[in-house]
Structures are given as structure tokens and as C-alpha cells.
Amino acid sequence: MSDRDTILSVENLSVHFRLGGGVFSRASIVRAVENVSFALQRGETLSIVGESGSGKSTLARAVLRLVAITKGSVILNGENLAQLSNNEVRKRRQNMQMVFQDPIASLSPRRTVEQIIAEPLMVHQPELSGEERSAKVRDTMDAIGLLPDMRNRYPHEFSGGQAQRIGIARALIVEPTLLVADEPVSALDVSIQAQVLNLLSDIKRQRSLSLLFISHDLSVVQHVSDRLLVLYLGHVMEVGAAKDIYANPQHPYTKALLSAVPTIDFSANKPKRTRLTGELPSPTVEHVGCPFASRCPMAQAICNEQKPQLNTVEGRDVACHFPG
């Protein structure tokens, strides 16, 4: 694709937080996201995967400027959001919307479904009349599989799957170019997960929507992703076409994540599971070498001494001294 098809370009993005500090103690720096770069094309789904604590949600919120960016750039539709004031970013939010993890908690219990879905219109399209807003709400509800006559109900009257559809409708009603979905199905039953994933795929295709999908579960994103970005402790480990990574992962961390996906293969040829030992290192530690070295079953001396750079291996970018 050409540069004109690039909706989002993230370059060398870092997000650091100060932790503690006072008269008698020094503040620590939490390096939640460290030097991350990627691009997202029009109509593409890029899934960001990794364990809890790997920085996925922080990265997503930094892209939307919901957390402060320490350094780097976030270029959406040709405009660098990192250089805009909070007021200016607020005006751009029509083009970038978010679907949250907990469908019930993300909806106001005191508002009807129509009021919840129409809220972005009140902010970004205040010129619309009440009748026009109601018409858009009904059309959007119909498009995501909710009956329009449900619009006067309250969130507690809906199941988790229906509540998540309301959240999706609220995000879509202003017709954004970028949709960020942060663990949107992790709180749902497996059967409902499939319905919501199919809905997101259909919407993406119909509207040429670009989707940034956050998940810790590689089995969830397998059938909805065009590309994968594997994140560990805020660092990119591997990024490339989803089909290539699922078929032949090159980074030991990616292999461990994929081997943990449940399967029903009881044959003798089933690949041996890669087990990771230990916990995630502290994000307050600045790593000289590879951040994954302390848990990597293939680590050697150079892994603790020199940080690997992203290099092209088998058609994707891998940050590993010994890929494959």
C-alpha cells in the first residue's frame, strides 16, 4: 500500500511514569512503553498481543492521547497528535474512538441506550437536531444487531454481549477512521466472543475502518488480524503478517505465547509446549540487553549485554539475537 493508505503511523513512541519520590526518596521511572513503532493501513486490523503487564493498554491509550506521551510521534491522518494541545486533540476524537474491556462498567447506568449512543454526536456534531440524532442512533443500533426499540432501556437490562454492542455503537456513530478495541471480548462468554469478533470484522470491511485490537489471548485474535505486534515489557518483540507469525513464529516469546493457546490436538506430533519461568521483570529497570533474556529458554551471554534490534527475518521484523 502507498503512504496515502496509512491511517496511523507511530514512530519511536515511549511512555514513562514517575513512581513515588519525595523528600527522602528518589522517584522511580516506570517504562511502560519503550521506543515502539508501527503503521496501520486503511481497512486493516493490527492486533497488539502480550501478557498482562506488557504495556498493551498503555500503548493504545497513548495512541489516543489518553495518557501523556514521553517521546515519539503519533501521526493520524497526516497530523501528529503528540504535538497538539489537549483542546486540539479533543476536536480530533471524532476520528478515533475506543471500545473498552468491561462493557457494563463503560456505560453510564443513569442514561438510556439512546442517550449513551448519542453522546458523541452531542460533542462532535452539535448542529444536529434531536430528531436527526435519534435517526442516527436507530440506524447505528440496527447496523450492530440491536433492535431500535431497545433505545429507551438502561444498561442493566442487557447481557454482556448486548452491552458491548452498545459500546461499539457509541464508538461508531461518529464514523471514525480508527477504532481501538481494548480487550473487547475478554469479559464475555466464548460463544458471545465469536459473535462480537464477527461483528467487528464485518464493520471493518463495510466501512473500511482501521482497527487496533488489544488482547492477551492469541486464540481470540487469530481470525480477525491482518498483522500482529507482539509486545513484552513495553518493547516490540515481533511484528508482521498474522498468518506468517501463526505458521512460523520467530521470537522465543511469540513461540511461548502461541504454545499456550489451548488445542484439541492429542497426536504424538503435537508441538511441545514452551514454558516460561519466572515473572515479568520490573518495568522500572532499564535493560541493557534484551528485556526477555531473564525468562528466555535460549538466552546466551550476548542477550544480557546487547539489546537486539528489529531485523527482517522470514518476512517479518524480529528483535532477537537468535531468531527461529
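Select strands β11 (residues 310-313) and β12: they pair in the antiparallel sense, with four bridges between them. Keep in mind that this is a predicted model. The two strands make a hairpin, and two residues sit between them. Click on Glu314 in that turn; its phi is positive, about 55°.

Next, show Thr312 and Asp317 together. Asp317, in β12, is the bridge partner of Thr312. Then add strand β10 (residues 235-241), which is joined to β12 (residues 316-319) by two bridges and runs antiparallel to it. Which residue stands opposite Val239 in β12? It is Asp317. Asp317 therefore appears twice on this stop: across from Thr312, and across from Val239.

Now move to the cysteines.

Select Cys290 and Cys303. A disulfide is a covalent bond between the sulfur atoms of two cysteines. How many disulfides does the structure hold? The count is zero. Cys290 takes part in none, and the nearest cysteine sulfur, in Cys303, is 6.3 Å away. A disulfide requires the two sulfur atoms to be within 2.5 Å. Select Cys296 and Cys320 for another pair. The closest cysteine sulfur to that of Cys296 belongs to Cys320, and because the distance is 6.1 Å, it is too far for a bond.

Are Cys290 and Cys296 buried or exposed? The cut-off for buried is under 20% relative accessible area. Cys290 has 12% relative accessibility, so this residue counts as buried. Cys296 is also buried, with a relative accessible area of 17%.

Keep these cysteines on screen and add His321. Cys290, Cys296, Cys303, Cys320 and His321 are the residues nearest the centre of the largest cavity, out of 14 that line it. The structure has one cavity of 30 Å³ or more. The space in the largest cavity is about 100 Å³. What classes of residue make up its lining? Twelve are nonpolar and two are polar, with no charged residues.

For the last stop, select Glu44, in the loop between β2 (28-41) and β3 (45-49). Glu44 has 10% relative accessibility, so this residue counts as buried. Show the residues around Glu44. Leaving aside residues up to four places away in sequence, Glu44 touches Ala39, Lys204, Leu209, Ser210, Leu211, Asp226 and Arg227. Finish by marking the C-alpha atoms of Glu44 and Arg227: these residues are 183 residues apart along the chain, while the atoms are separated by 8.1 Å.

How values were computed
Residues are numbered from 1 along each chain as its sequence is written. This is a predicted model: local features need pLDDT of at least 70, side-chain atom pairs count only at pLDDT 80 or more; totals for chains, interfaces and linings use all residues. Side-chain values use heavy atoms; hydrogens and water are left out. Buried means under 20% relative accessible area, exposed over 50%, partly exposed in between (1.4 Å probe, protein chains only). On a 1 Å grid over the protein atoms alone, a cavity is a set of points where a 1.4 Å probe fits but cannot get out, and a pocket is an open set with protein on both sides within 12 Å along at least five of seven lines; lining residues have an atom within 4 Å of a point. Grid points are joined across faces, edges and corners, and a volume is the space filled by probe spheres set on the points. Ala, Val, Leu, Ile, Met, Phe, Trp, Tyr, Cys and Pro count as nonpolar, Asp, Glu, Lys and Arg as charged, and the others, Gly among them, as polar. Two strands pair if DSSP finds at least two bridges between them. Contact means heavy atoms within 4.5 Å.
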